Amino acid sequence: PSQIIGFTGRHLRWKSESEFPKWKHVGRKSNWLYPICISNDTGSLPFLECTQERHEIIIVESIGDSLALTENKFLNHLVVGGLDLSSKQISFLLSQELDQIIIATNNDQSNVGLHAAIKIFIKLLNYFDISKLRINLPTDNDFGEMHEKGVNFKEKWYQKPVDKEKQISKILSILNSKEGASIVKNKTERKKKINFLKNFIEETNV
């Protein structure tokens, strides 16, 4: 039988200067597979079914992103509940026949979301072919903001072409900077991934 393993909620009156947190999580969020595990009134799992039908999943940060994607008919998504993937979430991805994983963390001005996307991208390179991975951040700060503005998710975000070579070059630039040390802390691993991505660029240009 289904069991509740956690709760999450957002304070509706939260502001940037508030002394209380914006989100409150109860339970070990690293064990959550939300909303993949959510069933409807008939007992089916619409989010999992959509993911399996499309052979594609969108990785997002928060429940707010999930709600906005759901409103715009993108049920094939997984909330990481922060800025990194847990081992359980990676295990779930490996259990699915995925042709594409879209990493869509927040597009904030401080680049926290971009750095999180690169960290997730690098981590997933250990398990998936690079051709299946794509970073495609929201056109605004997050999907909630896009939804509030009435942005057409399919036309303005999902169908927006991504230059894979340009994206890899940007990732390389950040990994080779001071910021790269905080994204991939292990020097050996970072160097290994940098060399791998450089080889990818060279082979693409052959």
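Guide: A residue is called buried when its relative accessible area is under 20%, exposed when that area is over 50%, and partly exposed in between. The model discussed here is a predicted one.

Visitor: How many helices and strands does the chain have?

Guide: The chain comprises 206 residues, and 41% of them are buried. Its accessible surface comes to about 12,100 Å², with 50% of this belonging to carbon and sulfur atoms. As for its secondary structure, the chain has nine helices and six strands.

Visitor: What share of the contacts with a separation of 6 or more joins residues 24 or more positions apart?

Guide: A contact here means heavy atoms within 4.5 Å. Among the contacts in the chain with a separation of 6 or more, the share that falls to residues 24 or more positions apart is 59%.

Visitor: Is strand β3 largely enclosed by the rest of the structure or largely open, and how many of its residues are buried?

Guide: Strand β3 covers residues 56–60. In a regular strand the side chains alternate between the two faces of the sheet. In β3, E56, I58 and V60 point one way while I57 and I59 point the other way, and the residues on both sides are buried. The strand is therefore largely enclosed by the rest of the structure, the buried count being five of the five residues.

Visitor: Which residues stand opposite I59 in strands β5 and β4?

Guide: Strand β3 pairs with β5 (residues 100–103) in the parallel sense over four bridges. It also pairs in the parallel sense with β4 (residues 77–79), over three bridges. Opposite I59 in β5 stands I103, and opposite I59 in β4 stands L78.

Visitor: Which helix joins β3 and β4 in a β-α-β unit, and is that unit right-handed or left-handed?

Guide: The two strands of the unit are β3 and β4, paired in the parallel sense. The helix of the unit spans residues 63–71, and the unit is right-handed; that helix is α2.

Visitor: Is H77 buried or exposed?

Guide: H77 has its place in strand β4. Leaving out residues up to four places away in sequence, H77 touches residues including Y34, F47, I57, I58 and L69. Its relative accessible area is 0%, and because the limit for burial is under 20%, H77 counts as buried.

Visitor: How far apart are the C-alpha atoms of H77 and E56?

Guide: E56 belongs to the group of β3 residues that point one way with I58 and V60. Along the chain, H77 and E56 are 21 residues apart, while the separation of their C-alpha atoms is 8.4 Å.

Visitor: Which residue has a side chain joined to that of H77 by a polar contact of 2.7 Å?

Guide: The partner lies in helix α2 and is buried, with a relative accessible area of 2%. Apart from its neighbours within four places in sequence, this residue is in contact with Y34, P35, V60, H77 and V79. The polar contact of 2.7 Å joins the side chain of H77 to that of S66.

Visitor: Which residues are linked with D84 in a network of salt bridges?

Guide: D84 forms one salt bridge with K119, with the closest N and O atoms 3.7 Å apart. D84 lies in the loop between β4 and α3 and K119 in helix α4 (residues 112–124), so this pair ties together parts that are 35 residues apart in sequence. A further salt bridge of D84, in which the closest N and O atoms are 3.1 Å apart, is formed with K123, a residue of helix α4 that is 39 residues from D84. The residues linked with D84 in the network are K119 and K123.

Visitor: Is D84 buried, partly exposed or exposed?

Guide: The relative accessibility of D84 is 24%. Its partners have relative accessible areas of 32% for K119 and 24% for K123. Because values between 20% and 50% belong to the middle class, D84 counts as partly exposed.

Visitor: Which residue meets the side chain of E145 in a salt bridge?

Guide: The whole structure holds five salt bridges, and one of them involves E145, with an N to O distance of 3.4 Å. E145 is partly exposed at 28%, whereas its partner is exposed, with 54% relative accessibility. That partner is K149.

Note on methods: Residues are numbered from 1 along each chain as its sequence is written. This is a predicted model: local features need pLDDT of at least 70, side-chain atom pairs count only at pLDDT 80 or more; totals for chains, interfaces and linings use all residues. Side-chain values use heavy atoms; hydrogens and water are left out. Buried means under 20% relative accessible area, exposed over 50%, partly exposed in between (1.4 Å probe, protein chains only). Two strands pair if DSSP finds at least two bridges between them. A crossover is right-handed if, with the strands pointing away from the viewer, the path from the first strand over the helix to the second runs clockwise. Accessible areas come from the Shrake-Rupley method with a 1.4 Å probe; for residues, only the protein chains shown count as cover. A polar contact is a pair of N or O atoms within 3.5 Å; within protein, one must be able to donate a hydrogen and the other to accept it, and residues adjacent in sequence count only if both atoms are side-chain atoms. A salt bridge is a side-chain nitrogen of Lys or Arg within 4 Å of a carboxyl oxygen of Asp or Glu.
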